[in-house]
Amino acid sequence: MAIRVNLDRILAERGMKSYELAEIVGITTANLSILKTGKAKAMRFSTLEAICKALDCQPGAILEYVEDL
Amino acid sequence: MRKLVILKSLIDFVWIVTCIPAIALLAFFTVYMFIEPKALELILNTDKSVVAPFSMVGQLFALLFIALAFVSIYCLYLFRKTLRYFQRVKPFHSDVIANFYKIGYLLTGVGVLTSLLVVIVELVFKGTFKIYLGLSPYLMLLCLGLFFMVLSEVFKIAKVAKEENDLTV
């Protein structure tokens, strides 16, 4: 997938665990894992908004475009 | 889902009461018609004065009809298998898509071949050339076969949509 989700880095910076973020955002840890491992096909704006609110960051800090080789 | 339970029960009933004895009867008939060519009258629906001179040809046609009957029974078996997936709430399993496609092309083949065989048998054994227009069981079989193939494609699209939905966070 050309869009990379850099949640691990931001979670480490904020000192937050994955399950804590999942609970705040209102998604399951399984879904968060799908997001982190790059298996997600799509993301709802509502989810992106909730993550940005929880991590106090911009969408650009979480999402990164990496050209497929 | 009550409708699914009723459908599965009906198909199971048809399978047990009709298809299993039909398999045995057809297998027996396949051998019997070589022993007693007069039995061809049952399949070819003509009298013995017509069948007798053409018994080899008649046996070949009868064999083809029996083969097509076995293919139809196999289609019902595949449909039963597919309904089992529906009962397990796995409607978009790859086997369901494959089974629908298989049922489709087999039924299409049976429809086309049976209609051709009927025309040829009428021509060879009765000397008449008949083409059935309008509501013909063979045309309906062909349509049903094509419908199953279309259904397979639709389920394939649905499976992709479901996977995309499952991986939407």
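**Interface of chains A and B, and a nonpolar patch on chain B**

In the predicted model, five residues of chain B are in contact with 11 residues of chain A. The size of an interface is often given as the accessible area lost when the parts come together. For chain B and chain A this buried area is about 740 Å², and carbon and sulfur atoms give 63% of that value. On the side of chain B, the contribution is concentrated in L167(B), T168(B) and V169(B), which supply 84% of the area that chain B buries against chain A, more than any other three residues. The residues of chain B that touch chain A divide into two nonpolar, two polar and one charged.

With regard to specific interactions, zero salt bridges are found across the interface of chain B and chain A, whereas four residue pairs, both members at pLDDT 80 or more, are in polar contact across this interface.

Chain B also carries a nonpolar surface patch of about 1100 Å², made by M56(B), V57(B), V112(B), L113(B), L116(B), I120(B), L123(B), V124(B), F129(B), I131(B) and L133(B). Two elements of chain B, α4 (55–87) and α5 (94–126), are those that give two or more residues to the patch, and the largest share, six residues, comes from α5(B). Among the other members of the patch, L133(B) is placed in the loop that lies between α5 and α6 (137–166) of chain B.

Notes
Residues are numbered from 1 along each chain as its sequence is written. Chains are lettered from A and ligands numbered from 1 in the order in which they are written. This is a predicted model: local features need pLDDT of at least 70, side-chain atom pairs count only at pLDDT 80 or more; totals for chains, interfaces and linings use all residues. Side-chain values use heavy atoms; hydrogens and water are left out. Contact means heavy atoms within 4.5 Å. Buried area is the accessible area (1.4 Å probe) that two parts lose on being put together, summed over both. A salt bridge is a side-chain nitrogen of Lys or Arg within 4 Å of a carboxyl oxygen of Asp or Glu. A polar contact is a pair of N or O atoms within 3.5 Å; within protein, one must be able to donate a hydrogen and the other to accept it, and residues adjacent in sequence count only if both atoms are side-chain atoms. Ala, Val, Leu, Ile, Met, Phe, Trp, Tyr, Cys and Pro count as nonpolar, Asp, Glu, Lys and Arg as charged, and the others, Gly among them, as polar. Patches are made of residues with over 30% relative accessible area and no salt bridge: like charges are joined within 9 Å, nonpolar side chains (Val, Leu, Ile, Met, Phe, Trp, Tyr) within 5 Å. Accessible areas come from the Shrake-Rupley method with a 1.4 Å probe; for residues, only the protein chains shown count as cover. Helices (H or I, at least four residues) and strands (E, at least two) are DSSP runs, numbered from the N terminus.
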